[in-house]
Amino acid sequence: MTATTADVWLPFPAEEIDGLPEDLNYLFWDGGTEYPGNPADCAYYVVPYMKGPEIAQRPLAAMNSVQVVQTLSAGIDHIEPGLGLLPAGVRLCNAKGVHEASTAELTLALILASLRGFPGFFHGQDKEEWRSGFYPALADKSVLIVGYGSIGSAIEDRLAPFECARVARVARSVRTTARGPVHTLDDLPALLPEADVVILSTPLNPSTQGLVDADFLAAMPDGALLVNVARGGVVDTKALLAELESGRLRAALDVTDPEPLPQGHPLWHAPNVLITPHVGGSTSAFEPRAKRLLAAQLARFAAGEPVPNVVTTTG
């Protein structure tokens, strides 16, 4: 199958995406029961956004001609377990460039709302109580970003005006950036005791599953804030609950384990926690940026050029 005769499965109607190359056959599928065509004829599969791993992986076993699998998320943990169903040489691409701004915005919102006591103000407003007092500021705080990819870098961009005392960075490999050094996970024991705010923006993979365990949390100083905009599985929920219920730490979570957080789960009513329902990338910025990404990726695919954002290749 050549690119010029290829079926492309899109989660948006093709007519809603400006700049798509004309020599591809576009089929709309957003996770419905019926497929738009034969999965065996699909060469470029764009995974439906936020529909869960079961839907994301459902057609993979039949996609024996697929060349590219494209997520519209930064993370790939919802599709990665199904890659073994695909033939060798399939490129998996993520949505780098789509979610950085929105996720970084939410990260700062979570930090500021938690430090400045917004949840208490909301409860006070409901009860018509004037809850004045002194609250922590982000200014002069030491911040640690665990997961310094494009989202972690975007978060630091937005931290810059807030006069933090220090920003430390952790990623998979050591490197130097214009803002300073990037450490590895091995350096966490030395970095955590100095961090007033710990931001998780790392992918979920075997090295980060349960990374934030009892030992990690114990190394954080009293009163520190944990912010998770990564994946719920990065954090040991039981260990986090113990620290929250003791009153020693605070947390602001856009993702949880389990997710969605079920009714009756103790995390809902734990002290010192602010929870948002995985809305880091779900903003007005998503759709136009996702469509621009798809137009650019598919233009290169149709031209037989390498597509950007390749995370891994099956084999």
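The questions and answers below go through some local features of this predicted model.

Reader: How many disulfides are found in the whole structure?
Author: A disulfide is a covalent bond between the sulfur atoms of two cysteines. Here a pair counts if the sulfur atoms are within 2.5 Å. A search of the whole structure on that basis gives a count of 0.

Reader: Why does Cys42 have no bond to the closest cysteine sulfur?
Author: Cys42 is buried, at 0% relative accessibility. The closest cysteine sulfur belongs to Cys93, and it is too far for a bond because the distance from the sulfur of Cys42 is 13 Å.

Reader: What is the volume of the largest cavity?
Author: The count of cavities of 30 Å³ or more comes to 1. For the largest cavity, the computed volume is about 40 Å³.

Reader: Which charged residue is in the lining of the largest cavity?
Author: The lining includes Asn228, Gly232, Val235, Leu240 and Asp257. By class it has 5 nonpolar, 4 polar and 1 charged residues. Asp counts as charged, so the charged residue in the lining is Asp257.

Reader: How is the pair of Phe12 and Phe286 classed: stacked, edge-to-face or tilted?
Author: A pair of aromatic rings is described by the distance of the centres and the angle of the planes. The search of the whole structure finds 11 aromatic pairs. For Phe12 and Phe286, the centres are 6.4 Å apart and the angle between the planes is 45°. Planes under 30 degrees apart count as stacked and over 60 as edge-to-face, so this pair is tilted.

Reader: How many residues apart are Phe12 and Phe286?
Author: Phe12 is in the loop between strand E1 (7-10) and strand E2 (25-28), while Phe286 is in helix H8 (residues 286-302). The pair therefore links distant parts of the chain, with a separation of 274 residues.

Reader: Are Phe12 and Phe286 buried or exposed?
Author: Phe12 has a relative accessible area of 9%. Phe286 has a relative accessible area of 9% as well. Under 20% is the cut-off, so both residues are buried.

Reader: What class of pair do Phe121 and Tyr135 form?
Author: The ring centres of Phe121 and Tyr135 are 5.0 Å apart. Their planes are at 80°, so the pair is edge-to-face.

Reader: Which parts of the chain does the pair of Phe121 and Tyr135 tie together?
Author: The relative accessible area is 30% for Phe121 and 35% for Tyr135, and each residue is partly exposed. The two are 14 residues apart in sequence. The parts tied together are helix H3 (residues 118-126), with Phe121, and the loop between H3 and strand E6 (142-146), with Tyr135.

Reader: Which residues do ring pairs link into a cluster?
Author: Rings pair if their centres lie within 6.5 Å. Pairs of this kind link Trp9, Trp29, Tyr35 and Tyr45.

Reader: Which residue has its charged end over the ring of Phe12?
Author: A charge is also placed over the face of Tyr148, where Arg169 lies at 6.0 Å from the ring centre. At Phe12, the charged end is 5.2 Å from the centre of the ring and belongs to Lys291.

Reader: In which loop are Pro258 and Pro260 found?
Author: A cis peptide bond joins Asp257 and Pro258, with omega about 10°. The peptide bond from Glu259 to Pro260 is cis too, with omega near -5°. Pro258 is in the loop between strand E12 (250-253) and strand E13 (273-275), and Pro260 is placed in the loop between E12 and E13.

Reader: Is Glu128 buried or exposed?
Author: Glu128 is not a glycine, yet its phi is positive, about 60°. This residue is in the loop between H3 and E6. Its relative accessible area is 77%, and the cut-off is over 50%, so Glu128 is exposed.

Reader: What is the relative accessible area of Met50?
Author: Met50 also has a positive phi, about 55°, although it is not a glycine. Met50 is found in the loop between strand E3 (42-46) and helix H1 (53-57). This residue counts as partly exposed, with a relative accessible area of 48%.

Conventions:
Residues are numbered from 1 along each chain as its sequence is written. This is a predicted model: local features need pLDDT of at least 70, side-chain atom pairs count only at pLDDT 80 or more; totals for chains, interfaces and linings use all residues. Side-chain values use heavy atoms; hydrogens and water are left out. Buried means under 20% relative accessible area, exposed over 50%, partly exposed in between (1.4 Å probe, protein chains only). On a 1 Å grid over the protein atoms alone, a cavity is a set of points where a 1.4 Å probe fits but cannot get out, and a pocket is an open set with protein on both sides within 12 Å along at least five of seven lines; lining residues have an atom within 4 Å of a point. Grid points are joined across faces, edges and corners, and a volume is the space filled by probe spheres set on the points. Rings of Phe, Tyr and Trp (its six-membered ring) pair if their centres lie within 6.5 Å; planes under 30 degrees apart count as stacked, over 60 as edge-to-face and the rest as tilted. Helices (H or I, at least four residues) and strands (E, at least two) are DSSP runs, numbered from the N terminus. A charge sits over a ring if NZ of Lys or CZ of Arg is within 6 Å of the ring centre and within 35 degrees of the ring normal.
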